[in-house]
Amino acid sequence: MLIFPGSVALSEFRRNKLLSALQAIVPTITAVQAEYVHFVRNSRELRPDEHAQLQALLTYEEVQGSHAFSGTLLLVTPRKGTISPWSSKASDIAHNCGLTMVERIERGIAYDVQTTAALSEAERLAIAALLHDRMTEMVLTDLQDAVVLFSEAEPAALRYVDISNDPKAALAKANTDWGLALSADEIDYLAENYAELQRNPTDVELMMFAQANSEHCRHKIFNADWIIDGKEQPKSLFAMIRNTHAHAPEGILSAYHDNASVIEGPLATRFLTDVKTGEYHYTNEPVHILMKVETHNHPTAISPSPFAGAVI
């Protein structure tokens with residue numbers, strides 16, 4: 001694995017804002033720096049000219065980092081076993097520039113946290129929690145540890161769910177064991193259809209079924225029970241989203257139907273065809289506004305922004 005230092009990751013404004021948030025957790029923190037670091041897996045050793053070319057590709061900001069870490073290093077990278085959108089794009093660019101020996105490029109942010117006293121393990125964990133999104137990122141304490149980003153596990157053997165005795169019970173157990181988030185009606189559907197097929201379902205089929213039913217958009221999670229500090233909340237996440245409309249329905253003609261909403265629009269002149277005579281004429285009528293939303297909440301290699309919340 002090759003390591004290429006990068007540019008400063010945070011503007012002065014964002015760095016100062018982060019420092020204030022960190023000091024609220026650990027008052028002994030005096031300063032924080034953040035710099036990009038690039039990690040490269042290559043199939044062979046790079047020639048000097050190839051190394052220089054790759055270095056040039058990875059120099060894309062005006063302000064370069066100092067690359068001197070004097071405090072506690074916390075390296076935030078994509079989670080092990082994932083490929084970030086940035087990695088997909090950067091690796092493609094390297095290949096298109098002729099650097100075919102570069103198998104993959106990944107990027108992390110190295111935070112240098114300076115304190116007046118050594119950090120305890122509890123303090124380090126509290127700081128790490130503030131610096132990363134645990135759903136998509138992880139925190140390392142050494143640059144060399146980033147080699148885990150390129151680790152590849154052997155494909156697991158295909159697993160089957162034996163539904164010969166009690167299909168619903170077997171599928172319910174697999175649902176719990178594998179975290180599929182299948183609903184009761186989905187389990188009924190699967191039990192009925194695999195009984196007709198007269199065969200056992202595989203783990204791949206069940207996972208694909210779970211994902212195909214909108215889990216990639218997290219709709220099930222939107223409607224899940226929400227328990228905070230052991231107390232069940234009265235509204236699900238989606239119910240909370242709907243709550244705004246319930247309290248302020250003025251001007252809304254339709255909401256939350258087929259991923260779309262309609263709000264009142266202005267009166268406007270339209271040039272239309274009379275369906276009876278076939279003649280064109282002008283008419284004044286309300287022109288309401290339709291908003292169609294497709295939710296795609298997980299980062300992908302083709303998203304316009306790594307954390308794009310939705311495509312409208």
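**Strand pairing, helix packing and salt bridges in the predicted model**

Along strand 5, which spans residues 137-140, the side chains alternate between two faces: Met138 and Leu140 point to one face and are buried, whereas Glu137 and Val139 point to the other face and are not buried. The structure described here is a predicted model. Strand 5 pairs with strand 3 (residues 72-78) in the antiparallel sense, over 4 bridges, and within this pairing the bridge partner of proline 78 is glutamate 137 of strand 5. Glutamate 137 thereby appears both as the bridge partner of proline 78 and as a residue whose side chain points to the face opposite that of Met138 and Leu140.

The two strands belong to an open sheet of 5 strands, arranged in the order 1-2-4-3-5 with antiparallel pairing. Strand 1 (2-8) and strand 5 stand at the edges of this sheet, and because each has a single partner strand, one side of each is left without a neighbour in the sheet. On average, and with direction ignored, neighbouring strands of the sheet are turned by 30° against each other. Strands of a sheet pair through backbone hydrogen bonds, in either a parallel or an antiparallel arrangement. Elsewhere in the sheet, strand 2 (residues 29-42) and strand 4 (residues 102-115) run antiparallel and are joined by 13 bridges, with valine 37 standing opposite glycine 108 of strand 4.

Two helices lie across strand 2 and strand 4. Helix 1, formed by residues 12-25, lies across both strands and runs at about 115° to strand 2, while helix 3, formed by residues 85-96, also lies across strand 2 and strand 4 and runs at about 130° to strand 4.

Side chains of opposite charge can pair when their charged atoms come close, and a search of the whole structure finds 12 salt bridges. One of these connects arginine 47 with glutamate 50, the closest N and O atoms being 3.0 Å apart. Arginine 47 has a relative accessible area of 43% and is therefore partly exposed, whereas glutamate 50, at 6% relative accessibility, counts as buried because this value lies under the 20% limit. A salt bridge is also formed between the side chains of arginine 104 and glutamate 106, with an N to O distance of 3.0 Å, and here both glutamate 106 and arginine 104 are buried. The side chains of arginine 199 and glutamate 205 meet in a further salt bridge, at 2.8 Å from N to O; arginine 199 is partly exposed, with a relative accessible area of 37%, and glutamate 205 is likewise partly exposed, with a value of 27%. Salt bridges that share partners join Arg44, Arg47, Asp49 and Glu50 into one network.

Positive phi values occur in two loop residues that are not glycine. Alanine 181, whose phi is about 60° although the residue is not a glycine, lies in the loop between helix 5 (167-178) and helix 6 (184-197) and is partly exposed, with a relative accessible area of 43%. Glutamine 198 has a phi near 60°, again a positive value in a residue other than glycine, and is found in the loop between helix 6 and helix 7 (203-212). With a relative accessible area of 73%, glutamine 198 is exposed, because this value is over the 50% limit.

How values were computed:
Residues numbered from 1 in each chain as written. Predicted model: local features only at pLDDT ≥ 70, side-chain atom pairs only at ≥ 80, totals over all residues. Heavy atoms only, no water. Buried < 20%, exposed > 50% of the residue type's maximum accessible area, 1.4 Å probe, protein only. Pairing = 2+ DSSP bridges. Salt bridge = Lys/Arg side-chain N within 4 Å of Asp/Glu carboxyl O. Axes fitted to C-alpha atoms, helices over the stretch in contact; angles between N-to-C directions. Contact = heavy atoms within 4.5 Å.
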